[in-house]
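Please look over the fold, the domains and the chain contacts of the entry below. A short report follows.

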Amino acid sequence: MAIEDDVLVVGGGIAGMTAALAAAREGAGGRVRVLSHKDSTLKSASGLIDVLGYAPRPAASAAGRGAGDGQSHGADDAENRAPETPLSNPFDAIPDLPDSHPYRIVGEAGVREGLALFDDATGDLYRGGHTDRNALVPTHGGRVKPTARYPASAAAGLASDDRDALLVGFETVTDFDAPLVADHLESVGVPFDAEGVTLRFPGGFRADAKLTRFADALDANERVERVGGAGYTETLPAREALAETVKDHLGDAERVGFPALLGQHAPAEVRADLEAELGAAVFEVPMGPPSLPGMRLEGALVAACREAGVRFTTGNPAVGYETDSSGRVRAVRVERNGAAIPFHADQFVLATGGLVGKGIDSDREGVREPIFDCRVAHPSDRYDWFEDDAFGDHAFARFGVEVDGELRPLDARGGSEFPNLRAAGAVLGGHDFAAEKSGAGVSLATGRFAGRTAAKEVRD
Amino acid sequence: MSDTENPETASEVRTENTVEADEFEPIQVFPESEEMDLRPGSDDCYKCSTCDTNCPVAAVDDEFPGPKFQGPEQWRLKRKDDHDIDDSVMSCSNCMRCDDACPSDVPLSQMHNTARGSFVENQMDKLSREYVRNRILANYGALARLGSKVPRLTNFVMGNSVVQKFNEKLLGITSERDFPAFADETFRTWWKRRGGVAASKKRAQDARAERDGANVESDDKRVAYFHGCYSNYNTPAVGKAMVRVFERFGYEVMVPPQRCSGTPMFANGMLDDAERAAEVNVRELAAAIEDGADIVASCTSCSMSLRQEYPELFDFEGTASVAARTYEALEYLRVHEDLEGALDDAEIDGEGDAESENFAYHAPCHARNQGLAGQAVELLDRLEGANAEDVGDSCSGISGTYGWKDEKYDTSMQIGAEMFDHMESVEGETGLTECPTCAMQMEHGTGYEIRHPLEVLEEALVD
């Protein structure tokens, strides 16, 4: 009498899919469903899997500041900012994190297990599992980001590599200004020479062609027109045409970086062909949305979930819940054009994201978790939620639900809100994922922990 | 109705807090307008372009600028009086995938429908071949009413290759496709001949008596069937299956007077036609709700229209309640009955000696938007003898009337290519889908026989 599952995961990002995958693998034959409002937002994700890039700010500066007096400028702000030196080994830093940090709840072992599940699910698509140390990956802003796992397509681009690099941008791909990126990289002291050049992508693509259009052309190796060296027009397969376009600018570079658009479905083949044509290593620089590495990651996680038997329901928002007489969650209610459709389950995982993902909502009056109305601790004066310095130590960055040792959200008295609800990913408070670069790692570690624990409860 | 209700939660979630009148509020800068205000939707767009990457038309048609332009960007351009709507809006197939893609809840399809309506009303030559052709396609239901009066003659004429060439040359309706055949007897004629609602009440009571013994008191088990044009004129077997399956679960079925849901009219920018049809439908369906019925549709584009497009575009009394009380058929049974249990206890036989029947299931885009994409496969997993495999999340490409247009035919087939490939790789040669035009496309691309999930349910559950 209703739609019924053993484990219902609300949210379809990295945390949600990891929770579902862990639950499905743990509870053999159990029914696991991912419920999400929209198509996965991984299209907005860089595709980098950070665990911990920077140590959080010292506890002293993270507490009790920010009266909103607008006076705190200068030296104070510099102190408030995240440390500039990336962590070389994120695992070494976990014991020093504050008690409320999600990594402290699932422990170092929990973080490692989350990564192991990720490595298994994504296979050849990712690199970085050979070491505990962070890799340094160039970003499309010309910064260097410490991260634990990176797409195979970015592997040849690591900033620790001393081979000289040519960065190739395209006139219509305005989010990647190759000469600027090259200058930025040199200015942060990378151990290689970086040159940047902006070219026209071969073929008559529109000025507002989507990144996916270029990726599709490279996937299919479509024949495109290109004006050759002697001024005549020739028709070549897209990969060859692109390589020909780049060749003249190669110089001494041993590797060539492109904005991440080198194929959607066959990126390894596209890279291999370009490398053969160019005689140089080829890499992608992760981009903002729409992000090809994010889409490939989505594809890999969805495939792993489906293979494990996870079911997906997408298209309508979860807006509320039902409980039984003992206070357990009985169903999540999905709003559909004015009707409420209940999705029943034995165990629930809340993986709806943080303030950006809309798993945490706020208005002028307060901050809350909108589906289960779990408590989100926050200062009552909203001028205490933020710092005036844009990159300051904002309290809002750590807003989220507080949880017990089993990731169950806590109520105001410190007890769990519901015995069969767990939270995972950015909806959890106590970490500033943007400053410390821990977003994907927290999602993997807590997602796996929550999914696995939920499946165990079902089994017992 | 025990498990559902119609809460005010949705509106509560979006309620803005009011503030003191003398305090500056950015959200109050723009004056109140009686017209539908798309500004908040436009403001919500942060240009992530996810919609563009999900658009099936943009993926194969380099000339099509994509939903982000058609929606929020074009809406902004239109704020200046000297800007026309770009004619590319007519290349949007109204699959509504962009709605599902948008992480920021921008009402893209509402914007497209509005822009397309304005383009057709103000910028399209009413004597042009394209307008006449689109008007004909959009009003398929009205034509079908005439054609189905003499089904054999109509089928003969429409199947004639000379007529098909004529349609293509004169009207721009592709001759590549075979016009769908009209049934010898419409669903509504069958329904009346069978005894209408009185007969249905009796059968529902009998079914309840058989299952629950003496407990036949259940006046609230009543649904109003929105059959739409296609299962009335072309595939009455789907309508009959709906009636029999619902009666088997003890529901009295009503079949209120109704017109086209409006889907092909929205897609062709014929908003006046759509409004006239919608007014009748809302009035009749609201009356059925007054009589204690929920609305059930077998076509996922019809249910999409009643649920989402009516409230987004029209403001008749009862529109919201019709939207809230409308369900797709399997969805309704799944939420209100133990459909899964019933399927666990049932089985179907494969064709001939085969032990089971394989179905290549395609989820229509409009089913996807209602959150129903996985439903048919999940349910048929329970049914012994049925083996349904999802053929992937690509669009079939036909999008109702879109793939019937001569100049859109190639685009339509390019979009469908991925689905055809996946269908070919599934064992067996039977397709399965809820949408009648997706079914046309599936058959056209593969030659498979295409069935509706309700027909499989009928085979499994109705004696």
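How far apart do the C-alpha centres of domain 1 of chain A and domain 2 of chain A lie? They lie 35 Å apart. The model is a predicted one.

**Domains of chain A**

The domain assignment of chain A gives two stretches, 3-122 and 295-459, to domain 1. Domain 2 covers 140-285. Contact between them takes 15 residues from domain 1 of chain A and nine residues from domain 2 of chain A. On the domain 1 side, helix 5 (102-122) and helix 10 (292-307) of chain A each supply at least two of the touching residues. By class, that side of domain 1 has nine nonpolar, three polar and three charged residues.

**The two chains**

The table sets out values for each chain.

| Chain | Residues | Helices and strands | C-alpha box along the principal axes | Buried residues |
|---|---|---|---|---|
| A | 460 residues | 12 helices, 19 strands | roughly 80 × 60 × 40 Å | 54% |
| B | 463 residues | 26 helices, eight strands | roughly 65 × 65 × 40 Å | 51% |

Chain A has a radius of gyration of 23 Å, which agrees with the value near 23 Å for a compact globule of 460 residues. Chain B also has 23 Å. For its 463 residues, a compact globule would likewise come near 23 Å, so chain B agrees with the rule.

How much of the contact network joins residues far along the sequence? In chain A, take contacts between residues at least 6 apart in sequence: 71% of them join residues at least 24 apart. In chain B, residues 24 or more positions apart account for 76% of the contacts with a separation of 6 or more.

**Where chain B touches chain A**

The interface brings 42 residues of chain B into contact with 35 residues of chain A. Several helices of chain B each supply at least two residues of this side, among them helix 1 (9-14), helix 4 (56-60), helix 6 (97-101) and helix 18 (300-313). Helix 19 (319-324), helix 20 (329-336) and helix 22 (365-369) of chain B are also included. Which helix of chain B gives the most? Helix 3 does, with four residues; this helix spans 50-54. By class, the chain B side has 16 nonpolar, 14 polar and 12 charged residues.

**Nonpolar cores**

In soluble globular proteins, nonpolar side chains tend to be buried together. The largest nonpolar core here has 228 residues. Which of its members touch the most other members? They are A:Val10, A:Ala20, A:Val332, A:Val349 and B:Ile295.

A:Val10 shows what such a position contacts beyond four places in sequence. Its partners include A:Leu35, A:Ala318 and A:Ile371. A:Val332 and A:Val349 are also partners of A:Val10, and both are among the members that touch the most others. A:Phe348, A:Leu350, A:Ala351 and A:Thr352 are in contact with A:Val10 too.

A second, separate core has 24 residues. Its members include B:Ala59, B:Cys95, B:Met96 and B:Ala101.

**Confidence in chain A**

The mean pLDDT of chain A is 92. Of its residues, 94% reach 70 or more. Where does pLDDT stay under 50 in chain A? It does so over residues 60-78. For this stretch of chain A, the model has 15 contacts beyond four places in sequence.

Conventions: Residues numbered from 1 in each chain as written. Chains lettered and ligands numbered in written order. Core = buried A, V, L, I, M, F, W, Y, C linked by C-beta atoms within 7 Å. Buried ≥ 20, exposed ≤ 12 C-beta atoms within 10 Å, placed from the backbone. Contact = placed C-beta atoms within 7 Å. pLDDT = per-residue confidence, 0-100. Nonpolar A, V, L, I, M, F, W, Y, C, P; charged D, E, K, R; others polar. Domains from an automatic or database assignment. Rg over C-alpha atoms; globule rule 2.2 N^0.38 Å.
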